[in-house]
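Subject: Structure handover

Hello,

Here is the structure I said I would pass on. Please have a look at it before reading my notes below.

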Amino acid sequence: MKSPRINPSILSADFVNLQAELEAIASADLVHVDVMDNHFVPNLTMGPPIVERIQAVSPVPLDMHLMIADADRWAPGYAELGAYSVTFHAEATNDPVALARKIRDIGARAGIALKPGTDVAPYLELLPEFDQLLVMTVEPGFGGQAFMPDMMPKLQQASEAKKAHGLDIWLQVDGGITVDTIGMAAEAGADTFVAGSAVYGGVPEQRIAELRAAANAHVHTKA
Ligand code: DX5
Ligand code: ZN
């Protein structure tokens, strides 16, 4: 699973044919699973029973994105289901470090997500506690929104901290990622890309290959 990683979001898949929709993205690195509780965000998706079935049939490991309140209470359960990565929101926890340690102890990678209005600076010194930082490039809640370029400085700051301290952390972007925006995110330091409508709006395997090529092209011209 080397960078750039492409993680399709099944929020844009056909929920009634999830098994086929999962098989259609077998060339992806991970499958991004958006859990929404209609409280932390104004939308509702799924909870543990459905995630358990996704875990059982998915050809690629699960990248959980928990857009739920009281992450301290609910996030460890997704690690226990066998998810590869569990990302909770900084705005939804009282103790991000304790929660990350719990998720890691269970055996999953621990991720922290920042809404567009949340500054990255207070979290930079906590990065060694995490395996992934998710910089949201749309307001969480819905697929198909426009990419927010003004989030790029957050990625640059995280990328600098990563280099300065030699951290082994993935920098993920989520929201509005397309072949046209992925290069900008890659240049700012992102290495892990979530794409919902861009993947499921066409032939998924083709779209994954196009996104991967666009991210790669960019990283190469930069180097
Ligand atoms: C939005 C979700 C995203 C969503 C992205 O709150 O976290 O994962 O699926 O969808 P696109 O790629 O269409 O912006
Ligand atoms: Zn997401």
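The notes below cover the metal site and then the bound ligand.

Please keep in mind that this is a predicted model.

Zinc site

The zinc ion (ligand 2) takes its protein donors from His32 (NE2), Asp34 (OD), His65 (ND1) and Asp174 (OD). These donors lie 2.1 to 2.2 Å from the zinc ion. Along the chain, the donors of the zinc ion are spaced as H-x1-D-x30-H-x108-D. The geometry of the site is octahedral, with 6 donor atoms and angles of 72 to 173° among them. Two of the residues named above, His32 and Asp34, are buried.

Ligand 1

There are 20 residues around ligand 1, and those that come nearest are Ser9, Gly141, Asp174, Gly196 and Ser197. Asp174 is thus listed both here and among the protein donors of the zinc ion.

Three contacts to oxygen atoms of ligand 1 are worth looking up:

- Asp34: an N or O atom of the side chain is 2.9 Å from an oxygen atom of ligand 1.
- His65: a polar side-chain atom lies 3.2 Å from an oxygen atom of ligand 1.
- Gly144: a polar backbone atom is 2.8 Å from an oxygen atom of ligand 1.

Ligand 1 exposes 380 Å² when taken alone, and the protein buries 100% of that area. The place where ligand 1 sits is the largest cavity.

Regards

Notes. Residues numbered from 1 in each chain as written. Chains lettered and ligands numbered in written order. Predicted model: local features only at pLDDT ≥ 70, side-chain atom pairs only at ≥ 80, totals over all residues. Heavy atoms only, no water. Donors = N, O, S within 2.8 Å, 3.2 Å for Na, K, Ca; no water. Tetrahedral: all angles 85-135°; square planar, octahedral: opposite > 155°, others 65-115°. Buried < 20%, exposed > 50% of the residue type's maximum accessible area, 1.4 Å probe, protein only. Near = heavy atom within 4 Å. Polar contact = N/O pair within 3.5 Å; in protein donor to acceptor, adjacent residues only side chain to side chain. Areas by Shrake-Rupley, 256 points an atom, 1.4 Å probe, with all protein chains shown as cover. 1 Å grid on protein atoms, 1.4 Å probe; cavity = no way out; pocket = protein on both sides within 12 Å on 5 of 7 lines; lining within 4 Å. Sits in = over half its atoms within 2 Å of the grid points.
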